[in-house]
2 protein chains.
Amino acid sequence: MTNPLLDDRDVAFTLYGVLGAESLLGLPHFEEHSRETFDAFVSVAARFAREAVFPATRALDEDPPRLVDGRVLVSPRLHTLWPKLREMGVIAAARPFEVGGQQLPLAISTAASLYLMAANPALFGFPGLTAGAAHLIEEFGSEALKALYLEPMHEGRFTGTMALTEPHAGSSLADVSTRARPAGDHYLISGSKIFISGGDQDLSENIVHMVLARIEGAPSGIRGVSLFLVPRLRFGVSGLEPNDVGVSGLIHKIGWKALPSVVLSLGEGGDCRGWLVGAPHQGISCMFQMMNEARIMVGANGVATASVAYHESLGYARERPQGRLATSKDPQLPQVPIIEHADVRRMLLRQKAIVEGGMSLLLQTALYADRASHAATEGERQHAQVLLDLLTPVTKSFPAEKGFESTVLALQIHGGYGYTSEYLPEIFFREQKLNSIHEGTTGIQGLDLLGRKVVAHNGAAMRAFAEEIARTCERAAAAGVAASWIGALTGAAVEVSELTKELAQRGRSGDVEGMLCHSADYLELFSTTVIAWQWLLQAAAAREAMASGSSERDFLEGKLAAAQYWLRTELPRVPALVTLCRENEDSYLTMRPSWF
Amino acid sequence: MTNPLLDDRDVAFTLYGVLGAESLLGLPHFEEHSRETFDAFVSVAARFAREAVFPATRALDEDPPRLVDGRVLVSPRLHTLWPKLREMGVIAAARPFEVGGQQLPLAISTAASLYLMAANPALFGFPGLTAGAAHLIEEFGSEALKALYLEPMHEGRFTGTMALTEPHAGSSLADVSTRARPAGDHYLISGSKIFISGGDQDLSENIVHMVLARIEGAPSGIRGVSLFLVPRLRFGVSGLEPNDVGVSGLIHKIGWKALPSVVLSLGEGGDCRGWLVGAPHQGISCMFQMMNEARIMVGANGVATASVAYHESLGYARERPQGRLATSKDPQLPQVPIIEHADVRRMLLRQKAIVEGGMSLLLQTALYADRASHAATEGERQHAQVLLDLLTPVTKSFPAEKGFESTVLALQIHGGYGYTSEYLPEIFFREQKLNSIHEGTTGIQGLDLLGRKVVAHNGAAMRAFAEEIARTCERAAAAGVAASWIGALTGAAVEVSELTKELAQRGRSGDVEGMLCHSADYLELFSTTVIAWQWLLQAAAAREAMASGSSERDFLEGKLAAAQYWLRTELPRVPALVTLCRENEDSYLTMRPSWF
């Protein structure tokens, strides 16, 4: 069976049937679009992903970048794929016409990206990072910088990077120590950056690094960090010339191998020029725009890799004969395909619930982003922004964490074959692990969710979320979804809401440690509830489609089974987690380093 | 910090303080031993593992076996390590003096093995498989076979394998199709075997394959499978001569790389001789002795790999500075080691609870095996055997599944560095994944536990287990362990016991599907309770040691914290799982293949 990467039926069902993405067409910003232009964009990406990218999976994994004479050289296959990817216009798909974009909703460009990421996350790293960097310049850069850089970046002639991390400053960006010394219209940059994805390669004419650095005399900590555009080659009188950006090392990642991870040395020769983007000392808040987009992209990667792995194991389970049913063990009978075994179906249904539930949340979040930017009224935009902010840590971490578990199940279903490099799951298994680490570890997402997001705006985000859930429950009831499912979600949502108020109060009373100690459990129970919300939405849409006589009966039955799975096997895990947070079980809070 | 592989304090504390392994010295079989001979054996293994094996980790991973002219050649490093390992006498450590063994308890030889497995699971595969094969010959082989093979196997001049799996028959051994045709004192074997660990190599003089095959005219299914000894070289008039055992392929595993996984072709030239071991058609029940030992060895590997990974991340967390505490964010202050962050301590304590709880169960199981063979009375031996049988699927699968999760946490603690091959966790991550697959997948263990073990002997195993728990609770109460911890275990044990009766009744009433549908959840809830039992035992022993004025105060406080963690954060997950099994939530039972 050919791996479809994603189920086309599911992408369309979720975008339109579940989430009503067509309603975006009523907004002025998207008025030149139609369902047809949306679908055309997605299907071009899907075809390219399936026919050109996915077949190169093993080859790209086995031919990582090499550092030769101070430059990073990438696989010849990337040189073949990259120009075609550029031509599709994926980099600027969601940017406005006026800067050369296609002015598509983020929800649509994300759906298209999912296919490309599923086919190869490393390849998609190049356009993804370039889009993020260009968006930063578009938003915060001077007119001069925009004029020089936006067009070549949107066309993919230049690529972009995020150059945040330093050897001693990863999660703690307050400790960035790269320096910037004023020198006329620019600054002289010096320092070292590590783990810079796409930090060097021989694919594009130029590389534009978005660099966090500290202007001389700046305050210490996060409030003294500024953002700079530091190109590998700068514009000189006779064209592009070197900008003293050196490659001092290549990191050997265990997955995403086609995307080089580079150690950069900036200004070793004293002549590395950077141009300020945004106001001085506001680098972190500018960068957070890119980081939030990157977090949603990480969530998309988590969904995409879990999806390709799911479909690989689904195909295998349909074809691999092994054993017989507990109810008919006669050895004279032929063996059955392993999908006939209940425990294999459990692993498949769990994957389906994670993959499709995660995708539903991802596209929901992308739609909030679209409405936050383009909804008709300021009130609607703010409402969507609040929900976008709230859901971003979940959209980032759920597909990373549960998507990893899901990917591991795909390997497990392959049995001994799954443990070999003759089959693909071991690649997905390595690719997926990155998603819980980059762009803020899962631990950081938990702290962000509980420490900032749910308590933001004096609880407005949680109230908006409760309204969304209430609306979903109404829709589900109208569609004829089982009352017990609706009640399960309502009950969990109330528990989460009450717990959140208690924890917020604990924080306000000065017990920050007690508020945040179980942030990992909070993230898990919150995410489980969020995904249950999406599955109730999916169930409602499935019932609606059935009622309207859809011919996709099997597909819709599968949706209801997956919804049942999540609502009845996962959601009941929430109360024990709520108790942990509430009682603040203190084993690791009190555990001293010397006790280990 | 040097990685200790295992914490010596913990090994001694668990063996003697928690499990009372010294009581074995009162049994006639072990009367020539002493605490000193036990400790000497373990410490020699620990030193060799730390000083010689562990430093070769990366090299062994990067130099996998090669197939050259029909033979498998292993890394030169293995040629250096293997003779030293043989000299330590690990192969026959637990076998009687009369067959050249050291007559050590399995609990002691397992403790020693843990260090070697932690240092390199692939290397330990050679003695582990040889010991299992030799034990089969010792138990079921003819005197002639024993005379020829036992001594060279125990000395490691010959190595052994388990040759069960065929391309179409992995989990389903009923479908083994390798044939055996009677030919005088031997049989002529023909067929193909796959995934044969150590199936060929250039380390030992000879390789002894324990092969499942079907005698001509045997009944179909599991009751027609016999066990054969099939050597690579057979004894001929002028010494060892070829036995028509060919290597038709090498499988490229993603971990355990130093241990070749081989495709064998038996009898392509029509002259592959096999000697029957045990009675005809009794191959599966003979092989189950080896398989049960192998399952315990897999559990040991799970513990060992999780342990080395835990210690790697503990060392890293003590040394890696990053960020500041939520309560003192002043950027002028130096960064703190990440172990100071509560969420990092959560990941470390979770690992500790899994590693040390898993090791406690493993050594407990090994002690039952020792008592099943050597206890003073038949009643005591039977009692121990019943508990050994009951716990084997848990001892196999818990360290594999939760040990994998634990190993992933070790990688996560390393952040971006953990995702690179410059650091070790990615190796442990790949090594660990095998343990949920080989020697019966986790799914198979769940079916074995619920479908066979807990219902065996009309509930006698569960009654014996309940008695063990009651005894532990008494000990914990006497030691002054918190009543709430004891109550938590008691409550869970009652729930598990009642659920088991209900499910058994469901099976007896003919609803086998309904009984087994949630076998994965049952395995998880049962395992969680079993590990809680071990942690209550550990807590009791820690309190006893504190009361007797132990100087290891920090270590004992850490034990209590880990016990609290398991009893208060993991055990409360049991009720929701019990409900799933009881209500038999039916999403994947009813899910049809066409609905995916």
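## Close-up views of a two-chain model

**View 1. Chain A is held together by contacts across long stretches of sequence.** Among contacts in chain A between residues at least 6 apart in sequence, 77% join residues at least 24 apart. This is a predicted model, so keep that in mind as you look around. The secondary structure of chain A amounts to 20 helices and twelve strands, and 61% of its 596 residues count as buried. How far does the C-alpha trace of chain A span along its principal axes? The answer is about 80 × 60 × 60 Å. A compact globule with 596 residues would have a radius of gyration near 25 Å, and the 24 Å of chain A agrees with that.

**View 2. Strands S8 and S9 of chain A form a hairpin.** Here you can follow S8(A), residues 233–236, as it pairs with S9(A), residues 239–242, in the antiparallel sense. Four bridges link the two strands, and the hairpin passes from S8(A) to S9(A) through two residues. To find your place, look for Leu233(A), which stands opposite Pro242(A) in S9(A).

**View 3. Helix H19 of chain A has buried residues on the same side.** Which residues of H19(A), residues 574–583, are buried? They are Val574(A), Leu577(A), Val578(A), Leu580(A) and Cys581(A). Because these residues cover an arc of only 160° around the axis, they lie on the same side of H19(A). Their packing partners come from both chains: helix H15 (483–508) and helix H17 (519–547) of chain A, together with helix H18 (553–570) of chain B. After H19(A) comes Asn584(A), which has a positive phi, near 50°.

**View 4. Chains A and B meet in a contact with 75 residues from each chain.** Helix H18 of chain A (residues 553–570) gives the largest share of the side of chain A that touches chain B, namely eight residues. Sorted by class, that side of chain A has 30 nonpolar, 29 polar and 16 charged residues. What fraction of the interface residues of chain A are also interface residues in chain B? It is 100%, so the copies meet through the same surface.

**View 5. A two-fold axis relates the chains.** A turn of 180° and a shift of 0.0 Å along the axis lay chain A on chain B with an RMSD of 0.0 Å. This is the relation of a two-fold axis. To locate the axis from chain A, look for Arg573(A): its C-alpha is the nearest one in that chain, 3.5 Å from the axis.

Note on methods. Residues numbered from 1 in each chain as written. Chains lettered and ligands numbered in written order. Predicted model: local features only at pLDDT ≥ 70, side-chain atom pairs only at ≥ 80, totals over all residues. Contact = placed C-beta atoms within 7 Å. Nonpolar A, V, L, I, M, F, W, Y, C, P; charged D, E, K, R; others polar. Buried ≥ 20, exposed ≤ 12 C-beta atoms within 10 Å, placed from the backbone. Arc of directions from axis to C-beta. Pairing = 2+ DSSP bridges. Rg over C-alpha atoms; globule rule 2.2 N^0.38 Å. Least-squares fit on C-alpha atoms with pLDDT ≥ 70 in both.
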